[in-house]
Each structure stands twice: as structure tokens, then as C-alpha cells.
Amino acid sequence: MQLSAVHVALFLSLALLSSAASAHNITKILAKHPEFSTFNRYLTTTHLAPEINRRETITVLALDNSAMSAILSKGLPIATVKNILSLHILLDYFGAKKLHQITNGTALAATMFQATGTAPGSSGFVNITDLKGGKVGLGAEDNNGILDASFVKSVQEIPYNISVIQISHPLSSPEAEAPTPSPVEQNLTAILSKKGCKNFADLLASSGALQTFEDNLPGGLTVFCPGDEAIKKFAPKYKNLTAEGKASVLLFHGVPIYQSMAMLKSNNGLMNTLATDGAKKFDFTVQNQGEVVTLKTKINTAKITGTVVDDEPLVAYTLDAVLLPSELFKAVAPAPAPAPEADAPAESPKKAKKATAKGKSPPAPEDDADAPADAPSDDSVADDDSGAMRVSFRAWLVALAALMWFWM
């Protein structure tokens, strides 16, 4: 088989196209279709667009401007609109072809509303049914089996990464449309007590830090909450802090702006906290690798392990460790290397002579005393070196032959 430079270029182009196909941007996809401009705008406003973009397999049930007007005319708060739209995002791939090939004619698809954990029971699922006459009906599972929308057309499909399909009407769901109180109107410690953050919430309630968190909530607040186990491990150190120190270490886990996961991934670098005060920096560094986001101080590093709540202006994440600010804690210096043992005193010539006279062998020269028993001789080392050279030369010849064949 002979490969030319053209073949190589074609292969690289296909590889790049394959890589590009694994990423998607829902905002750019919908921007090509003006009839979805309102739907597109609200995906951005509710911060659902970044969540769609970061998932590898997703289906978006797009609503045109007329269908969106039916939702917005109800005067619902933005938090409720987010719940409704999240019901229109399926956590699986359903292209036009797959919709008509559903096993047994019907399927239940999990949605982003169900993934938030706020949808009780099966209310966060969508029923998809292949109807007679080539039609496909869709309806929320908690809507008494009513299929209030139907498949209209495929907008764009990138198998099996993202499918954007238009449906005729919004999916009606009593749970998704239920009034959702703003985080500002709720008890902050009650919110943080969810999903393993109760110990941290209790510390906030028993310290002077809670008021600062609540004062910053209306304008935007990000909370990094160490999990219950992390707080238990940190308890001995926390008890030894002064009242001011306790408040500072808790405030160190709050940021006075709303930072969604997508924002954290795009804004790597230093971040000020609620504890930042003049000369006292009290900051940490945000770093990410793929889907993993870590917060690094000069003392330790903690990883974001989950989301407690994401409802602007409040977002809270769980951490696997308590963040330790250098203003309150000192880095543990590495243990010094053990000092080398003092050399044994040299044996006097007289003692050596006596030992020889009694039939004992004299001690080996100093240069050989530290060498391991199985150390190779100079000759064997030379043989190994020549053998290595022969292997390297063979490898070089094989590589050269492969290159010559490649460019023939």
C-alpha cells in the first residue's frame, strides 16, 4: 500500500472533522434559525445553554417564537421558566430516524429537569410515542398521559452527539410549572443543608459569617461547600481558631458573584472571596482539566464534586475538602532527609596486620565497599553498552525503512 502526501492530508482532515463533530454550541445552532430566537435567548438567560454544550449526548426540543409566547404570557418567574425549558432537554440522543424506530412504539426519556433533583418521582421524564400515520407525540410523564406536542422537523443533528428537533407546543407539566421561590426568599442554610452540606450550614448558623453570605445573596453569590465528611476531619483545627478566624475560614468559601460551572471553566485564575480584606488577600486559584474543576490555595487543593443548587443569583457546589487559607494556616514543610551515617573509624595498620596473621581477609578497598554485591564488572557494562547501541541502530534502520516506504 502506498500513501501520498494527499492521502495524509485527507486523513488529518477527517480526524479534525471527527474531533469537531464531538463538540457543539446550541446558541450558534439556533442562531441560524430566527424562528427560535426567543427560545435561544432564554436558554442563555437561564444558563441552560452552557449545560447543553458541556454534555456529550443531548436532544433539545426547540420551541419557535409562537410556542415560547404561550409560556411567557403566563408571567412566570425566571426560575420557573428554567424548569419548564429544562423539561425540553432530553439526556439522550433522539434524531428524526430514531423517533420513528422506538422499541415497542413508546419510550420514557430523562430530562435535565429530572437531573436537577427537584423533580419528584417520574415528573422529570418525557413520554415519546410513535403514532400512526408517521407522527410522533410527546408529553410530560406527570401530565396524565396527555401527549400535548408532536414532532415537527429536525433542525440539526450531529449523531450521536446532539439532536435539535422542533416540537409543535410546549410540554405541560404541573411540577415544572409550579411556583419556584427565588433563593433570595428562602433560608440559605436550609438550601445548603441539601446534598451533604449540613455540617457546613450548621457552622455558618453558629458563626458571624452567615449574615455576610445573606447580604451578598441578592447581588449574586457562589458558595463552595465542603462535604460533611470533610468538615468532620477539619473539626479539630476549626476548634483551635479564634472567633475571627472561624468566621474568616467560612467566608473563604464564598464568592460575591454568581459563577456557573461554565463560568468557572472559562475563568481560570485567582478569585477573591468574601474573606478578602485589604492586605489580607484570602484568595484561591480556579483550575480545570476536562470536566474536573479544582480550587487551589497555597496550602491545599479541593475538587468540586457536585452541585447543591444553581438558581441565579445563587449557586452552591460541594467540595471534597475544606479550603485552607494561607493567612490562617501554615504549609507543612517536607520532612528533612535522614542524615548519612558517620563512617566507621578506619582500622589501624597494626590491627589489620594482626587480622591477616590470624587468617582473616583484609577489608576491601573503600571504593568497592559501597558497591552492591551483584554490581556488574567494567567488561559487562561495556557489553551492555554495545548491546544497547546495536538495538538503537536496528530501531533507527527500521524507522528509516518505514519512512522511505511511507513516502514512496
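1. A helix or strand here is a DSSP run, with helices (H or I) of at least four residues and strands (E) of at least two, numbered from the N terminus. With that in mind, α4 and α15 each supply at least two residues to the lining of the largest cavity. The model is a predicted one, and the points below should be read with that in view.

2. The largest cavity holds about 40 Å³ of space, and the residues lining this cavity are H47, P50, E51, S260, M261, A262 and D310. By class, this lining consists of three nonpolar, two polar and two charged residues. One of the lining residues, H47, deserves a second look in the backbone, since H47 has a positive phi of about 65° although it is not a glycine. H47 belongs to the loop between α3 and α4.

3. The count of cavities of 30 Å³ or more comes to two, and the second largest has about 30 Å³ of space. Its lining is made up of F200, L203, P226, I231, F234, V249, L250, H253 and V322, with α11 (198-205), α13 (228-239) and α14 (243-251) being the elements that give two or more residues to it. The class division for the second largest cavity is eight nonpolar residues, one polar and no charged ones.

4. The largest pocket contains about 1,000 Å³ of space. Of the 40 residues that line this pocket, T116, T118, V308, V309 and D310 are the closest to its centre. D310 is also listed in the lining of the largest cavity, so a colleague looking at this residue may wish to view both sites together.5. Several elements contribute to the lining of the largest pocket: α4 (48-54), α6 (78-86), α8 (112-115), α15 (261-266), β12 (292-296), β13 and β14 each supply at least two residues. The largest share, eight residues, comes from β13. By class, the lining of this pocket divides into 18 nonpolar, 11 polar and 11 charged residues.

6. Strand β13 also belongs to an open sheet of seven strands, which has the order β9-β8-β14-β13-β12-β11-β10 and mixed pairing. Because β9 (254-255) and β10 (269-272) stand at the edges, each with a single partner strand, one side of each is left without a neighbour in the sheet. Within this sheet, β13 (residues 301-311) and β14 (residues 314-319) pair in the antiparallel sense over six bridges, and T307 stands opposite Y317 in β14.

7. Turning to helix packing, the axes of α3 (residues 37-45) and α6 come within 10 Å and cross at roughly 115°. Angles of 65 to 115 degrees count as roughly perpendicular, and the crossing therefore makes α3 roughly perpendicular to α6. In handedness, α3 passes α6 in a left-handed crossing.

8. A last backbone point concerns the peptide bond from P159 to Y160, which is cis, with omega near -20°. Y160 is placed in the loop between β6 (149-158) and β7 (162-167).

Note on methods:
Residues numbered from 1 in each chain as written. Predicted model: local features only at pLDDT ≥ 70, side-chain atom pairs only at ≥ 80, totals over all residues. Heavy atoms only, no water. Pairing = 2+ DSSP bridges. 1 Å grid on protein atoms, 1.4 Å probe; cavity = no way out; pocket = protein on both sides within 12 Å on 5 of 7 lines; lining within 4 Å. Points joined across faces, edges and corners; volume = space filled by probe spheres on them. Nonpolar A, V, L, I, M, F, W, Y, C, P; charged D, E, K, R; others polar. Axes fitted to C-alpha atoms, helices over the stretch in contact; angles between N-to-C directions. Parallel < 35°, antiparallel > 145°, perpendicular 65-115°, else oblique. Left-handed = near helix turned anticlockwise from the far one by under 90°.
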